Amino acid sequence: MQKILLLEDDKSLNRGITLTLQKAGYAVTSAFTLAEAMKCLEGESYSLIICDITLPDGSGLELGRKIRELGSTYFIYLTALDSEIDMVNGYETGADDYITKPFSLMVLVSKVNALMRRIDSTEEYKNIMVCGDIELNCREMKVYQRGREVSLSKKEMQLLTYLWENGGQIVSKDSILEHVWDVDGQFVDENTVTVNISRLKNKLKTDAISNVRGLGYIWTEKVVRR
């Protein structure tokens, strides 16, 4: 059974999310403060961490940064902070998703299920993809540029993989949401794809991702497999 750490200081919401995820088949550990969450992480490993940002003893962003320092655990921010800069700050720490309150528990479960499927399917990747000085090891889910590893979140990695698998073809925003976030576009903030595309371009320092107005995005350079 896959384990989830939930950090949410609102006791009622915490209990509601916990019960919902347990019914969906997950083992959930609840924490209400950063200190409690940190203690949980000392003695246990989790497939996914869901955390609020505004907490009584600090910011959930601190936990996000710590997670990225320690490993590659998936994590989702769950917060009332819904401005574009808040989202950018969240994704800057390597978040795999950012859900704003109020939200549907069914949508949350859908997103959690999607991430868990990504974890299960990671071992299915068998090949290496190369474009110019960028190399994507799909099996290890790592990206290298000029021989040096580039730090990408899992969502950025999946976005790059999807763009490369469809290199030279225009992929719509809805198609990206379906294949990368594995949810209907109506459940995701309209800036999600745009923010992640921008971050990916900046990290790879590439102009190979073009925005085709009204249609979607396209990776314009040649991608080869080996």
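## A first residue and the overall fold

Does Phe 75 count as buried or exposed, and what is its relative accessibility? In this predicted model, Phe 75 counts as buried, because its relative accessibility is 0% and a residue is called buried when its relative accessible area is under 20%. Phe 75 returns below as a member of a ring pair, but the protein as a whole comes before that.

The secondary structure of the protein comes to 8 helices and 14 strands. The radius of gyration is 18 Å, close to the 17 Å that the globule rule gives for 226 residues, so the protein is as compact as a globular protein of that length. Taken along the principal axes, the box that the C-alpha atoms fill is roughly 50 × 35 × 30 Å. When contacts between residues at least 6 apart in sequence are considered, 60% of them join residues at least 24 apart.

## Surface, interior and charge

Of the 226 residues in the protein, 46% are buried. The area that the protein exposes is about 11,200 Å², and carbon and sulfur atoms supply 47% of that area. The charged side chains comprise 28 positive and 33 negative ones, and the centres of these two sets lie 4 Å apart.

Helix α7, which covers residues 173-181, has as its buried residues Ser 175, Ile 176, Leu 177, Val 180 and Trp 181. Helix α7 is followed by Asp 182, and the phi of Asp 182 is positive, near 60°.

## Aromatic pairs

A pair of aromatic rings is described by the distance of the centres and the angle of the planes. The structure holds 3 aromatic pairs. In one of them, the rings of Phe 75 and Tyr 77 have centres 5.2 Å apart and planes at 85°, so this pair is edge-to-face, the angle being over the 60 degrees that this description needs. Tyr 77 is buried, with a relative accessible area of 0%, and Phe 75 is buried at 0% relative accessibility. Ring pairs link Phe 75, Tyr 77 and Tyr 98 into a cluster.

Another pair is formed by Trp 164 and Trp 219, whose ring centres are 5.5 Å apart and whose planes stand at 70°, so that this pair is edge-to-face. Because Trp 164 lies in helix α6 (residues 154-165) and Trp 219 in strand β13 (residues 216-219), the pair ties together parts that are 55 residues apart in sequence. Trp 164 counts as buried at 3% relative accessibility, and Trp 219 is buried with a relative accessible area of 0%.

## Backbone features in the loops

Where the chain runs from Lys 101 to Pro 102, the two residues are joined by a cis peptide bond with an omega of about -5°. Pro 102 has its place in the loop between β7 (97-100) and α5 (105-121).

Two further loops hold residues with a positive phi. Arg 146, in the loop between β10 (142-145) and β11 (148-150), has a positive phi of about 50° although it is not a glycine, and Arg 146 is exposed, with a relative accessible area of 61%. Lys 205, in the loop between α8 (192-204) and β12 (209-212), has a phi near 50°, which is a positive value in a residue other than glycine. Lys 205 counts as exposed at 72% relative accessibility.

## Sequence separation and distance in space

Which residues does Asp 133 touch, leaving aside those up to four places away in sequence? They are Tyr 144, Gln 145 and Arg 146, the last of which has the positive phi described above. Asp 133 itself is placed in the loop between β8 (128-131) and β9 (134-137) and is partly exposed, with a relative accessible area of 35%. Asp 133 and Arg 117 are 16 residues apart along the chain, and their C-alpha atoms are separated by 30 Å.

Gln 22 is found in helix α1 (residues 11-23) and counts as partly exposed at 38% relative accessibility. Between Gln 22 and Val 223, which are 201 residues apart along the chain, the C-alpha atoms are separated by 42 Å.

Note on methods: Residues numbered from 1 in each chain as written. Predicted model: local features only at pLDDT ≥ 70, side-chain atom pairs only at ≥ 80, totals over all residues. Heavy atoms only, no water. Helix = DSSP H or I, 4+ residues; strand = E, 2+ residues; numbered from the N terminus. Rg over C-alpha atoms; globule rule 2.2 N^0.38 Å. Buried < 20%, exposed > 50% of the residue type's maximum accessible area, 1.4 Å probe, protein only. Contact = heavy atoms within 4.5 Å. Areas by Shrake-Rupley, 256 points an atom, 1.4 Å probe, with all protein chains shown as cover. Lys, Arg positive; Asp, Glu negative; His and termini not counted. Charge placed at Lys NZ, Arg CZ, Asp CG, Glu CD. Phe/Tyr/Trp six-rings, centres within 6.5 Å; stacked < 30°, edge-to-face > 60°.
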